[in-house]
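Dear colleague,

Please find below the structure that I am handing over to you. My notes on its ligands and domains follow.

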Amino acid sequence: MTKSVKEKPIVWTISGSDCSGGAGIAADIKTGHALGVEVCHLITANTVQNANRLVSINPVASEILQQQAKVLIDDKPPSVIKIGLIANLEQVKWLSELLAGFKAKYSKIIVVFDPVGQASVGGSFSALQREDLTLLFHYVDVITPNLMEAQQLSNLSTLNPVELATKIAELGIASVIVKGGHSNVLDHDGLPVSGDYCLHRVEQSSISYQLSSPRINTSYSHGGGCSFASALAAFLAQGYLLRDAFTLTKAFINQGLAKSVTTSMNKPDYYGAFEQTYWPDKADFFPRISSNLAEKHQGLPPFPSLALTDKKLGLYPVVDSLYWLKRILPLGLDIIQLRLKNKTDSELEQLIIAAIAISQPYKTRLFINDYWQLAIKHRAYGVHIGQEDLQDADLTKIQQSGLRLGISTHGCYEFLLAQQLQPSYLAIGAIFSTKTKNMSGQIQGVENLQHLLKLASNIPVVAIGGINHQRAERVWQTGVDSIAVVTAVTESENAEIAVKQFQHLMQ
Ligand SMILES: Cc1ncc(COP(=O)(O)OP(=O)(O)O)c(N)n1
Ligand SMILES: Cc1nc(C(=O)O)sc1CCOP(=O)(O)O
Ligand SMILES: [Mg+2]
């Protein structure tokens with residue numbers, strides 16, 4: 001079904017027009033449409049340029065921009081505003097005032113700023129210095145400089161993206177993404193990589209995300225920077241968390257660069273336009289996630305498989321007591337989880353010992369949630385670990401003890417990172433909202449589950465969160481290997497019948 005304009009999130013782009021059609025507004029509109037958002041455009045300057053040179057800038061009067069903002073704000077209010085070329089100080093002042101008003105009235109608007117400085121064909125787009133933009137920085141949520149722009153913004157000469165981003169964040173911007181497309185970093189095999197770094201401040205602390213991909217060489221990248229920021233804006237407008245919007249954006253850029261390689265080969269000396277393609281859905285274009293967790297476990301062998309011959313895992317009940325285990329184990333399931341919460345240490349150990357003993361006579365694989373030390377100690381079949389516990393869990397120990405490992409993920413960043421660890425299965429949640437656990441901000445929906453399944457290697461995937469009988473069919477049709485449920489079994493009128501109905505659906 002096609003989305004109506006009303007259903008589509010709206011992104012405003014406030015940037016310059018590139019008459020050659022490769023960068024600026026043209027790139028923003030093509031990117032937005034490729035990714036399913038509506039784009040309104042306020043043109044800050046009418047540039048004269050072609051593939052070889054930048055001839056002139058020609059700013060548009062702020063009064064016209066203000067009139068455009070005024071007629072659009074009630075008619076097509078933005079979820080995200082993407083800012084590109086700002087041509088002069090008068091525009092900085094106008095934009096700062098506009099954003100101050102919007103931020104006061106519509107607190108959810110996200111502002112993404114791509115600080116367009118140098119033209120890639122040579123020449124400068126604007127004489128504005130970092131100091132001239134100070135006022136504007138107050139209203140920017142995410143800034144996306146390349147390495148050169150990051151050096152200008154930070155007043156540092158280093159090429160280290162961490163140092164650059166940290167310094168830029170001091171300007172008062174919550175999230176800084178330093179694009180590494182122009183860096184000279186090599187991977188372990190001496191091949192050039194393109195690494196992007198994101199520093200994200202949340203309240204008093206900060207989180208960082210680092211993505212890397214093999215460098216794609218093409219001379220058709222004109223407008224790639226604008227497309228990066230507008231893709232990020234489009235994903236954020238669709239409700240993706242920053243880490244997922246960042247990952248999807250990197251994949252979109254890789255996909256576009258790869259597409260233009262063939263064109264580039266025909267005309268190697270011509271500087272052509274970046275190709276905006278479509279929703280990134282090929283695993284090959286998604287980046288590698290660099291993180292302490294991934295580095296720590298590099299070289300760790302895959303976790304043991306679930307040895308599922310050629311059938312799917314099917315229904316995966318997650319229960320919180322021995323009562324439920326005893327009731328459900330005789331129903332012929334391939335997998336079950338004991339998820340204990342709010343127990344004392346001695347209660348936990350006794351319950352886990354008993355659960356393992358009770359499940360012995362059955363073919364059902366018993367996973368213990370959270371308590372990996374006890375699962376190892378008492379030789380459970382497997383352990384399920386969530387994102388909060390993943391950093392501290394000793395995966396090497398779990399691996400060496402022969403336990404199977406399941407990992408929870410919520411969105412493409414966590415999914416790709418967990419997949420790099422090669423667990424026995426990956427869970428994706430929450431598919432729908434659920435009363436069992438507070439998953440706000442992490443609801444995937446069936447459409448996103450479908451996108452994530454395209455990134456899956458041969459590791460079985462479990463869908464979890466808010467899945468009941470009514471919703472199960474749609475979820476099962478995506479091709480997942482298993483559906484995990486809590487309340488659809490434990491709060492059903494008759495658990496045995498509920499299990500049978502799910503089993504029937506997943507035959
Ligand atoms: C199959 C499956 N998927 C996800 C979860 C959630 O695990 P986690 O993120 O560790 O959260 P808690 O269950 O500990 O609240 C799960 N248990 N099982
Ligand atoms: C325990 C749990 N983990 C989730 C995740 O997304 O990681 S969702 C969830 C709750 C599942 O319960 P119900 O089937 O009752 O909705
Ligand atoms: Mg947990």
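How many nonpolar, polar and charged residues does the shell around ligand 2 have? There are five nonpolar, seven polar and two charged residues in that shell, where Ala, Val, Leu, Ile, Met, Phe, Trp, Tyr, Cys and Pro count as nonpolar, Asp, Glu, Lys and Arg as charged, and the others, Gly among them, as polar.

Before I continue, please note that this is a predicted model, in which local features need pLDDT of at least 70 and side-chain atom pairs count only at pLDDT 80 or more, whereas totals for chains, interfaces and linings use all residues. Residues are numbered from 1 along each chain as its sequence is written, chains are lettered from A and ligands numbered from 1 in the order in which they are written, and side-chain values use heavy atoms, with hydrogens and water left out.

Ligand 2

Around ligand 2 there are 14 residues (a residue is near a molecule if one of its heavy atoms lies within 4 Å of it). Those that come nearest are His 410, Thr 434, Thr 436, Gly 466 and Thr 487. Polar contacts here are pairs of N or O atoms within 3.5 Å; within protein, one atom must be able to donate a hydrogen and the other to accept it, and residues adjacent in sequence count only if both atoms are side-chain atoms. The side chain of His 410 places an N or O atom 2.8 Å from an oxygen atom of ligand 2. Thr 436 has a polar side-chain atom 2.6 Å from a ligand 2 oxygen, and for Thr 487 the distance from a polar side-chain atom to an oxygen atom of ligand 2 is 2.6 Å. Taken alone, ligand 2 exposes 420 Å², of which the protein buries 95% (Shrake-Rupley method, 1.4 Å probe; for residues, only the protein chains shown count as cover).

Ligand 1

Of the 14 residues around ligand 1, the nearest are Gln 337, Arg 339, Lys 341, Ser 408 and Lys 437. The shell comprises five nonpolar, five polar and four charged residues. An oxygen atom of ligand 1 lies 2.5 Å from a side-chain N or O atom of Lys 437, while a polar side-chain atom of Lys 341 is 2.6 Å from a ligand 1 oxygen. Gly 386 takes part through a backbone N or O atom, 3.2 Å from an oxygen atom of ligand 1. On its own ligand 1 has 420 Å² of accessible area, and the protein covers 92% of it.

Domains

An automatic or database domain assignment gives domain 1 (10–290) and domain 2 (297–506). Between domain 1 and domain 2 the count is two salt bridges (a side-chain nitrogen of Lys or Arg within 4 Å of a carboxyl oxygen of Asp or Glu). Lys 454 forms a salt bridge with Asp 281, with the closest N and O atoms 3.9 Å apart.

Yours sincerely
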